[in-house]
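Colleague: I would like a close look at one part of this model. Please take me through it step by step.

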Amino acid sequence: EIYDAHGSLIESAENINGVNRTLHAEVLCLQNYWKKHQNPLPVGAVLKTSLSPCKQCAAMLWTISYEGKNVRVEYEHLDPGKMNENYFRNKKTETA
């Protein structure tokens, strides 16, 4: 889910990587946002996920968020998979 700086939900999606391994919830959420707005995420946006972003999701987030300068990532658990992104591992809440 993506929230704006005021806490309003601006986009959401569900993980369907059983259909295609690249279709993580973050990817779908960011793609849906881009399709609607054709602009980077707004300043102060928050991406909330159940697992820390993998390398693919972190790269997409970096691309759509002014190189990570205007978005915060909040996740419940570290991704135990081998594609987890160390960039987000230090804290539960990180600035991308």
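Is E11 buried or exposed? Please start there and follow the contacts into the helix and beyond.

Modeller: Keep in mind that this is a predicted model. E11 is buried, because its relative accessible area is 7% and the cut-off for buried is under 20%. Its side chain meets that of K36 in a salt bridge, at 3.0 Å from N to O. This pair joins distant parts of the chain: E11 sits in strand β2 (residues 9-11) and K36 in helix α1, 25 residues apart. The partner K36 is exposed, with a relative accessible area of 58%.

That brings us to the helix. α1 has 13 residues and spans 18 Å from its first C-alpha to its last, close to the 18 Å expected at 1.5 Å a residue. Its buried residues are E26, V27, L28, C29, L30 and Y33. An α-helix has 3.6 residues a turn, so residues three or four places apart point the same way. Among the elements that cover the buried residues of α1 are β1 (2-3), β2, β3 and α2. Just after the helix, Q38 takes a positive phi of about 50°.

Now look at what the helix packs into. The largest nonpolar core has 12 residues, including C29, L30 and Y33. Other members are I2, L41, A45, L47, L61, I64, V71, V73 and Y75. Two or more core residues come from each of α1 (25-37), β3 (45-51), α2 (55-64) and β4 (71-77). I64 is a useful residue to select on screen: leaving out residues up to four places away in sequence, I64 touches L30, Y33, W34, N39, P40 and L41.

The strands bring in the remaining charged pairs. In the whole structure there are 3 salt bridges. Besides the E11 and K36 pair, E74 meets K48 at 3.9 Å, N to O. E74 lies in strand β4 and K48 in strand β3, so this pair ties together parts that are 26 residues apart in sequence. E74 also forms a salt bridge with R72, where the closest N and O atoms are 2.6 Å apart. K48, R72 and E74 are therefore linked in a network of salt bridges. K48 is partly exposed, with a relative accessible area of 37%, and R72 is partly exposed as well, at 33%.

To return to the starting point, E11 is buried, while its salt-bridge partner K36 is exposed.

Key: Residues numbered from 1 in each chain as written. Predicted model: local features only at pLDDT ≥ 70, side-chain atom pairs only at ≥ 80, totals over all residues. Heavy atoms only, no water. Core = buried A, V, L, I, M, F, W, Y, C linked by side-chain atoms within 4.5 Å. Buried < 20%, exposed > 50% of the residue type's maximum accessible area, 1.4 Å probe, protein only. Helix = DSSP H or I, 4+ residues; strand = E, 2+ residues; numbered from the N terminus. Contact = heavy atoms within 4.5 Å. Salt bridge = Lys/Arg side-chain N within 4 Å of Asp/Glu carboxyl O. Expected span 1.5 Å × (residues − 1).
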